[in-house]
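Dear colleague,

Please find below the structure that I am handing over to you. My findings on its helix packing and nonpolar cores follow it.

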Amino acid sequence: MAQSQTQGMAPETDEAAHFQAKVDREIKIEPRDWMPDGYRKTLVRQISQHAHSEIVGMLPEGTWVTRAPSLRRKVQLLAKIQDEGGHGLYLYSAAETLGTSREEMVDALHEGRAKYSNIFNYPVLSWADIGAIGWLVDGAAIINQIALCRCSYGPYARAMERICREESFHQRQGYEIMMSMAFGTKEQKRMAQSALDRWWWPSLMMFGPSDRESAHSSQSMQWKIKRVSNDDLRQQFIDMTVPQADYLGLRMPDPDLKWNEERGHYDFGEIDWAELKRVVSGDGPCNKERMAARIKAHEDGAWVRDAAAAYAEKQRMRKEAAKIAAE
């Protein structure tokens, strides 16, 4: 009996060891490979949250398409919003390879069981905010997503390679808007500074809680879903962005920000972690507005999904009838 129980337990132990050995050797895990339940659940949570963020992120920018200051700016913004919709679709598709349907993921978002990035729950008050979002929000996303290109799960890593290339254009577009305003009139520069003041701290929160408070980081690092810690990513972003602000002649809204020669990095002030928890938990300035808009769009599009399903069923029945007739 003892031998039988040992033999029954061995395959699971061997599978887990083989899985970790593949991860350690930098061999990508693919959808049909064996993986621990925790690995699968972590990926579904992370990838679906990423997908939700891309889709919800279209909402604040969409309100500025008709108010963009020129035809060129309208076209740029439309192209960016279209890219973000595509990113959401890539990511939902990647998550579906883990056995979770898109309907389940969307329902989890609408019912409040799934989250999206805190950053999209802040209001976009001026055209300068569109520039700040491209520069800061997409800049922070790139820092985070470049590391994800080396994620151990193949479909997620491959999706991130394309997304990062497109996000780099978004970041440049945002910075170009900020340049135009910072080097423009006094009023334009004032608007640029105001946008930086409002978006800087929420952008730093995008990297998640500090490493000492992050519940998932340790295991995700072992599985190589995640390659760089939250705090290290945040530091990279600050070190990259401060010189860009200096070039624009804009002042960072952090009195404690200063270059630390010994560390070779910028020191910065304490982040308001209570605000991050509050916003992520649904009590941000625009949480209710964003979710109401998202749910309405989903409900308004039900007829399209129904029509597509009916067409697919009709095509299936035709193929089945043709196969029977051929026999």
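Helix α4 (residues 71-96) passes helix α7 (residues 154-182) in a left-handed crossing, meaning that the near helix is turned anticlockwise from the far one by less than a right angle. Their axes lie 10 Å apart, at an angle of about 160°; axes are lines fitted to C-alpha atoms over the stretch in contact, and angles run from 0 to 180 degrees between N-to-C directions. The two helices are therefore roughly antiparallel (over 145 degrees).

The model is predicted: local features need pLDDT of at least 70, side-chain atom pairs count only at pLDDT 80 or more, and totals for chains, interfaces and linings use all residues. Residues are numbered from 1 along each chain as its sequence is written, and side-chain values use heavy atoms, without hydrogens and water.

A left-handed crossing is also found where α5 passes α12. The axes of α5 (residues 102-110) and α12 (residues 287-300) come within 10 Å and cross at roughly 145°. Here V106, L109 and H110 of α5 meet M291, R294, I295 and H298 of α12 (heavy atoms within 4.5 Å).

The largest nonpolar core (buried Ala, Val, Leu, Ile, Met, Phe, Trp, Tyr and Cys residues joined through side-chain atoms within 4.5 Å; buried is under 20% relative accessible area, with a 1.4 Å probe and protein chains only) has 53 residues. Among those touching the most other members are W127, W200 and F237. Helix α6 (127-148) is one of the elements giving two or more residues to this core, and α6 gives the most, with eleven.

Yours sincerely

Definitions and conventions: Helices (H or I, at least four residues) and strands (E, at least two) are DSSP runs, numbered from the N terminus. Angles under 35 degrees count as roughly parallel, over 145 as roughly antiparallel, 65 to 115 as roughly perpendicular and the rest as oblique. Buried means under 20% relative accessible area, exposed over 50%, partly exposed in between (1.4 Å probe, protein chains only).
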